Amino acid sequence: MTGTQTSQHGSLNHLADNALADSIAILDFGSQYSQLIARRVREVNTYSELLPYSTSADELKRLNPKGIILSGGPSSCYEPHAPQLDEGIWKLGVPVLGVCYGMQLMARDLGGVVEPAEVKEYGRAMLTIAHHGTLFDGLDPEMESWMSHGDSVSVLPDGFAVTARTMATPVAAIADEERNYYGVQFHPEVVHTRGGQQVIENFVVRICRCSQSWTMKQFIDHAIAEVKERVGDKRVLLALSGGVDSSTLAFLLHKAIGDQLVCMFIDQGFMRKNEPEWLVEAFEEFKIHVHFIKARDRFIGKLAGVIDPEEKRKKIGTEFIRVFEEESKKLGHFDYLAQGTLYPDVIESSGTQVDPKTGERVAVKIKSHHNVGGLPKDLQFKLVEPFAKLFKDEVRRVAAELDVPEGIRVRHPFPGPGLAIRVLGEVTKERLKTLREADWIIREEIKAHGMYRQVWQIFGVLLPTLSVGVMGDQRTYQNQIVIRAVTSEDGMTADWARLPYDLLATISSRIVNEVPGINRVVYDVTSKPPATIEWE
């Protein structure tokens with residue numbers, strides 16, 4: 001199934017219509033956890049996709065999902081401008097699960113009453129299951145749940161029964177099992193809800209009866225077929241960054257179209273130490289030729305005087321395309337440009353949320369990814385982005401299926417703009433060199449301590465401020481490096497990594513002693529949200 005909107009990033013129409021008859025539609029009311037719901041459904045080997053809450057019943061009927069999930073959101077459903085659901089959706093005969101705001105909307109639409117709660121509930125709460133039914137089958141009578149609401153259902157619609165409660169919320173879950181309508185006030189999609197994944201699996205598999213046909217092997221087969229059908233005998237230019245996404249895409253496209261694929265790597269000066277040379281050698285070993293373009297001065301020159309991170313990303317994205325256009329002409333004509341764009345990239349670059357005061361969807365772009373928000377409007381290529389609906393861990397599973405070398409497959413994520421967005425403030429050759437050396441030490445030590453695979457990402461950030469220090473009895477006024485290390489499953493949320501103190505001490509000591517101009521090392525202990533993984 002696909003959304004009601006089309007974009008330059010394409011969709012999975014071919015997959016949805018022909019391969020994945022079983023899918024779940026998630027109507028997004030602006031919750032910070034909406035993407036997590038989609039991710040959790042995927043973990044049950046069932047395709048899911050976020051759609052606007054305004055998606056009509058007719059459109060959903062055309063898409064033919066096996067079930068519908070209504071996300072949470074910041075609004076109160078009884079307010080005049082609260083986002084509403086097409087009433088025809090209740091007549092589709094499809095199972096519906098309402099989460100938080102979605103449950104309140106379900107109760108209100110079907111004849112119940114929702115009011116401000118006497119006690120607002122945020123964070124962990126012990127849930128007592130009054131009636132297991134199908135949704136709570138296999139769960140303990142009591143379970144830790146995650147709450148985030150200021151309203152509650154005070155009167156149930158006809159046909160509904162209370163299935164769970166907490167100390168503060170008498171109606172914490174409801175069900176009309178005859179019509180397959182279910183509501184939960186808590187958030188089963190977050191890891192803090194201990195049985196949350198089982199709740200989602202019960203809904204998807206037992207209630208919606210999805211066949212669990214969403215596998216990466218199936219994705220690969222149909223992605224290859226789709227690429228062949230779309231590209232035909234045309235040539236495809238791949239923007240190879242060296243990261244997991246674009247590297248895995250190279251293997252997929254090479255399998256699909258062979259020598260019609262031309263990979264181009266641009267050394268823009270923002271890569272980590274020794275990576276450009278390593279990348280070219282690795283791909284040559286697997287008979288995938290890479291055209292190596294040296295353009296460091298050109299890119300660094302474009303960022304002269306640029307401080308704003310959004311401007312950095314857009315300038316880098318535009319320059320990438322310009323270089324590709326120029327260099328591709330030397331290699332002959334190309335109709336298509338391939339990119340390793342992922343679903344979170346698209347979400348973060350063009351995400352929307354519901355304004356609780358007006359009920360309108362408003363842009364809440366977190367940051368422009370250089371291959372999404374940074375693309376020029378006069379792009380000369382048609383885009384090929386087979387991974388635009390995949391999460392990062394799904395791409396890693398695709399890589400495993402394609403036998404992508406482990407050294408590439410397990411690499412930590414690395415942003416397209418590279419070190420340019422880890423040098424806060426103006427980007428210069430000197431500042432890049434400083435960060436590159438510090439980052440090398442960080443990665444070298446995390447590997448030496450056997451912890452590389454235990455963290456999702458670890459890297460250094462060069463701050464634009466100086467601090468006072470003392471070295472050899474002399475006062476110094478030098479740069480600071482931030483160590484950023486996080487654990488995560490898919491990059492949508494992340495927690496700061498609890499690294500051993502002796503490891504942090506070793507890294508700090510090496511950096512201040514081996515990297516000129518650094519006199520202070522600090523450690524970032526902020527999770528996502530509220531922060532993002534990258535600093536810019």
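This is a short exchange on helix packing and aromatic pairs in a predicted model.

Trainee: Why is α14 called roughly antiparallel to α15?

Mentor: Helix α14 (residues 429-448) packs against helix α15 (residues 501-514) at an angle of about 150°. Angles over 145 degrees count as roughly antiparallel, so α14 and α15 earn the term. Their axes are 10 Å apart, and the crossing is right-handed.

Trainee: What makes the contact of α14 with α15, by class?

Mentor: Seven nonpolar, one polar and four charged residues. On the α14 side they include Ile441, Ile442 and Glu445. On the α15 side, Leu503, Ile507 and Arg510 are among them.

Trainee: Why is the pair of phenylalanine 29 and tyrosine 53 called stacked?

Mentor: The ring centres lie 5.4 Å apart, and the planes make 25°. Pairing needs centres within 6.5 Å, and stacking needs planes under 30 degrees apart. Both values pass, so the pair is stacked. Phenylalanine 29 sits in the loop between β1 and α2, tyrosine 53 in the loop between β2 and α3, 24 residues apart.

Trainee: What makes the pair of phenylalanine 29 and tyrosine 101 tilted?

Mentor: The centres are again 5.4 Å apart, but the planes stand at 50°. Under 30 degrees is stacked, over 60 is edge-to-face, and the rest is tilted. Hence 50° gives a tilted pair. Tyrosine 101 is in helix α4, 72 residues from phenylalanine 29.

Trainee: Are phenylalanine 29 and tyrosine 101 buried or exposed?

Mentor: Both are buried. Tyrosine 53 is buried too.

Trainee: Which residues do ring pairs link into a cluster?

Mentor: Tyr47, Trp214, Phe219 and Phe387.

Terms used
Residues numbered from 1 in each chain as written. Predicted model: local features only at pLDDT ≥ 70, side-chain atom pairs only at ≥ 80, totals over all residues. Heavy atoms only, no water. Axes fitted to C-alpha atoms, helices over the stretch in contact; angles between N-to-C directions. Helix = DSSP H or I, 4+ residues; strand = E, 2+ residues; numbered from the N terminus. Parallel < 35°, antiparallel > 145°, perpendicular 65-115°, else oblique. Left-handed = near helix turned anticlockwise from the far one by under 90°. Contact = heavy atoms within 4.5 Å. Nonpolar A, V, L, I, M, F, W, Y, C, P; charged D, E, K, R; others polar. Phe/Tyr/Trp six-rings, centres within 6.5 Å; stacked < 30°, edge-to-face > 60°. Buried < 20%, exposed > 50% of the residue type's maximum accessible area, 1.4 Å probe, protein only.
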